Amino acid sequence: MEHPVAVTQASLLWLIPALPLAGFAVNALLGVRLQKAFGKWIVHTVAIASVAASFAVALVFLSEMLGLDAGHRHLQETLWNLFTAGRLSVDLAFALDPLSMTLVLVITGIGSLIHLFSVGYMAEDPAYWRFFCYLNLFVFAMLLLVMGDNFAVMFFGWEGVGLASYLLIAFWYSDPEKAKAGMKAFVVNRIGDFGFLLGMLLLFWALGGAWAPRPGIRAVEYQPASELRPLDPAIGAADADALAPRVAGVKVGPTLSFRELRDELTVEETGVKERLLHTTLFGMPVLALSAILLFVGAMGKSAQLPLYVWLPDAMAGPTPVSALIHAATMVTAGVYMVARLSFLFALSPSAMGWVALVGALSAAFAASIGFFQYDIKKVLAYSTISQLGFMFVGVGVGSYWAGTYHLVTHAFFKATLFLAAGSVILGCHHEQDMRRMGGLAKHMPLTRYTYLVACIAIAGFPVANGFYSKDEILFRAFTSDHLALFGVPTPWLGPAIYALGIVTAVGTSFYMFRSYFMTFTGSYRGGAHPHEHNEDPHAATAAPHGPLSASVHASDGAAHAAEGEHGGPGASPHESPWTVTSVLVVLAAGSVLTLLLGLPALWTGSAPAFERWLEPVVAQVTFRQAGEGTEWLFQLLGVAAAAGGLAAAWALYRGGQSEVPARLKARFAAAWTVVYNKYYVDELYALAVVRPVVRLSALLFWVDAHLIDGLVNLVGALGRWASLLSDLIDRFFVDWAVNAVAWLFRAAGRSLRRVQTGHIQTYLYGALGGALVVVLLNFLIR
Amino acid sequence: MPMAVTLAHYLVVGALLFALGLVTVATRRNAVGVLMGVELILNGANVNFVAFQRYAGGGVGGYVFALFVIVLAAAEAAVGLAIVLALFQTSKSIDVRQADLLRE
């Protein structure tokens, strides 16, 4: 990457995001009428067709991209200029390189399947059109995020997916808990987004801002600022381009474009890299600072410690939403962003160490919560946080392809898991509590097998894709000695993260198979009392929800549960319709087949296909050399971890007969309660953040109600008094004067009208008198 | 010896005619009487025109003017009598004191 990116101009890239936008527009504007006039089929036909068409267009561009040689795989299209300021020019531009191509395929491909799944899942919902309209809006925003060529377009998408996520979590908004969960997701995401914005602006500042040249970023002199004519209104994109000096064919100066930023940083002659490495802000290296701030955005969007709290509550949304947004695509936006900015993160060991550490801690923390959850969707939610943690370990230690590969494999197996869970929820008449399930294997064979395949994938057995990505991530974590924390080199951090990761892998395998065994083996417990299960003597005492933490257990679909063609809660479970099961089968097959992309070099002798695919896009980081034996050993350790977790789950939960879990729980009741209640993090937040904020707002309200309102009322009273006075003056002074003038004229008129007698002889006397006076005056004055 | 008739004599006659006409106009209640007063005033003026022409000399302007005034007086009498006739038709009276329609 010592040379500028070779750009291949492409046209019609905009079709990919525009098609879902069109679907959104049709359903948003006409959906309710179409649904009434033609039925629900037209709504989902529009929605699915738009995403599927987008997928087809993406496939066309994939084939075009595969036809190019690796160095030229950067398709770009500029639609129009968004704004220009000095040297900075920001366009509405789309770019497809191997990284964004991968994400686009995942979003549109898995997105289409999940749209199809929703047909069966949402069939009974009256607001059918609204659901598909939001879903299309989400796909549009996500494609904008992924395909945006610069920070600005990415940020539009970044906020857009947040909006869509909020709308879909609070889809059944008449339930206050769900509306609250939506708000929680939105607010927590806003905190992260603020970090993202700060990081972006800090980076922009460090690059020199729009006008002020900063000494240092130069191999040639900047033009003097006076020649920039910053206030010239006629300045356009071409002028901005002309003002920026070019070094070695690379535009040097402030930019929001990923490609230009990467060129500036990777082409040494520009001097931008040295400049950035040596710039500090309040004593902190600006590069690490902006990378970490950008990562704060990723922490919010991708639900990492400590901003993960919204994701479990986000399960209040319909299950397809959980699968698409909160497992397969949106939550991976942070991972994508770090991989997209790999050239930036790779320059700062501190940022890398920070990303990897947060990822590893989130992975372990969330997995431990997952152990004791009963809500099947909650288990998957914590599992998602945990797997996202693995992805951040991957992109954190610098194995960008492995992190992205885990993103892809996770998209498949977690979508399968969520949709299978959705199928189970549908089959069990909107029951989400695993204690009321069990024995579903014989009722829902297809769902069961697809869930099993996905469990095998996530646990990390080499027969499915999860093993290949997780193993590569953990191995790379172990062999990385270049990480640092806050500027201090920490060669031990990599192995420590590996240790945490492998323990988490055991836990992952355990809680996933626990959920599998609880759901599909043993005998069906639905309709019976939930407390008969072997693990639940203290359930009633163990769920004290904080006043501000949304509790959304077992409530998915409550709005339309137990009605229509479904029987009451006592009815037996049934397999889901074909739109549901066919999607499950396709996704499960994908969970297996995508392993081909990541077959390790150790087995095949050549680098994994996916690594070669991403190689031109991401920064290359050198790892400590490790022998083949070590690598084999680590693969064995990975399988052993998965097998260990499986064995534990098998022993404790298979068939739901074992008494051991209940005994263990009684023995460690205190620890169990703490973990079951998610370490009371929600309560802690309520205490430390939410309550002070509420107090502050109460104080501000008091100030508003008493001080501000008092002032306003005082001003109002003063105004009233002034107007009273003015009224008096008006009535008794101005009116009097006006009336006096009128009286005067009336009196004058009255007296003067006497003169007009109408008698011709009176007039004659007047004339004679006048003539006489004139004659007399004539004598007198002379 | 007989007294020579001078300009002053004519002017006195004219002034007398004028004064009598004025008094007639100012005091008569009968509208026809008022019109007759107007004739007296005009003729008082005519005496002056003719006397001045006779004594001041030079051209015939005064005589011509007197003729014009006579014609004018005829026209004025016609119009005046028409007004008196109209007045009588509306108010069954030709008393100018009664005719105060101009007041409003």
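## Predicted two-chain model: strands, helices and local geometry

In chain A, β1(A) and strand β2 (residues 75-85) run parallel, joined by 2 bridges. This is a predicted model, and local features are reported only where pLDDT is at least 70. Chain A has 782 residues, of which 50% count as buried. Its secondary structure comes to 28 helices and 9 strands. A contact with chain B involves 8 residues on each chain.

**Sheet β1-β2-β3 of chain A**

- The sheet is open, has 3 strands and follows the order β1-β2-β3.
- Pairing in this sheet is mixed: β1(A) with β2(A) is parallel, while β2(A) with β3(A) is antiparallel.
- The antiparallel pair, β2(A) and β3(A), is held over 9 bridges.
- Strands β1 (8-9) and β3 (88-96) of chain A sit at the edges, each pairing on one side only.
- In the parallel pair, Thr8(A) stands opposite Leu75(A) of β2(A).
- In the antiparallel pair, Ala85(A) faces Leu88(A) of β3(A).
- In general, the strands of a sheet pair through backbone hydrogen bonds, in either a parallel or an antiparallel sense.

**Chain A: domains and contact range**

- Domain 1 of chain A is assembled from the segments 348-383, 392-527, 579-610 and 627-673.
- Domain 2 of chain A covers 681-781.
- The C-alpha centres of these two domains of chain A are 82 Å apart.
- Among the contacts in chain A with a separation of 6 or more, 80% link residues 24 or more positions apart.

**Helix pair α10(A) and α13(A)**

- Helix α10 (residues 286-301) and helix α13 (residues 333-340) of chain A have axes that come within 7 Å.
- Those axes cross at roughly 155 degrees. An angle over 145 degrees counts as roughly antiparallel, so α10(A) and α13(A) are roughly antiparallel to each other.
- From α10(A), the contact uses Leu294(A), Phe295(A), Gly297(A), Ala298(A), Met299(A) and Lys301(A).
- From α13(A), the contact uses Ala333(A), Gly334(A), Met337(A) and Val338(A).
- By class, the residues of this α10(A) and α13(A) contact are 7 nonpolar, 2 polar and 1 charged.

**Loop between α10 and α11 of chain A**

- Pro306(A) lies in the loop between α10 and α11 (310-313) of chain A.
- The peptide bond joining Leu305(A) and Pro306(A) is cis, with omega about -5 degrees.
- Ala303(A) is also in the loop between α10 and α11 of chain A.
- Although Ala303(A) is not a glycine, its phi is positive, at about 55 degrees.
- Ala303(A) has 30 C-beta neighbours inside 10 Å and so counts as buried; the cut-off is 20 or more.

**Two buried helix residues of chain A**

- Leu168(A) belongs to helix α5 (residues 151-169) of chain A.
- Leu168(A) counts as buried because 27 C-beta neighbours lie inside 10 Å.
- Leaving out residues up to four places away in sequence, Leu168(A) touches Tyr134(A), Phe138(A), Gly317(A), Val321(A) and Ile325(A).
- Leu168(A) and Gln625(A) are 457 residues apart along the chain, and their C-alpha atoms are separated by 47 Å.
- Met518(A) belongs to helix α20 (residues 493-520) of chain A.
- Met518(A) counts as buried because 27 C-beta neighbours lie inside 10 Å.
- Beyond its neighbours within four places in sequence, Met518(A) is in contact with Met434(A), Met437(A), Gly438(A), Tyr653(A) and Gly656(A).
- Met518(A) and Ile502(A) are 16 residues apart along the chain, with 24 Å between their C-alpha atoms.

**Chain B**

- At the contact between the chains, 8 residues of chain B meet 8 residues of chain A.
- The chain B side of that contact has 5 nonpolar residues, no polar ones and 3 charged ones.
- Lys92(B) is in the segment after α3 (61-91) of chain B.
- Lys92(B) is not a glycine, yet its phi is positive, at about 50 degrees.
- Lys92(B) has 8 C-beta neighbours inside 10 Å and so counts as exposed; the cut-off is 12 or fewer.

Definitions and conventions: Residues numbered from 1 in each chain as written. Chains lettered and ligands numbered in written order. Predicted model: local features only at pLDDT ≥ 70, side-chain atom pairs only at ≥ 80, totals over all residues. Pairing = 2+ DSSP bridges. Helix = DSSP H or I, 4+ residues; strand = E, 2+ residues; numbered from the N terminus. Domains from an automatic or database assignment. Contact = placed C-beta atoms within 7 Å. Nonpolar A, V, L, I, M, F, W, Y, C, P; charged D, E, K, R; others polar. Axes fitted to C-alpha atoms, helices over the stretch in contact; angles between N-to-C directions. Parallel < 35°, antiparallel > 145°, perpendicular 65-115°, else oblique.
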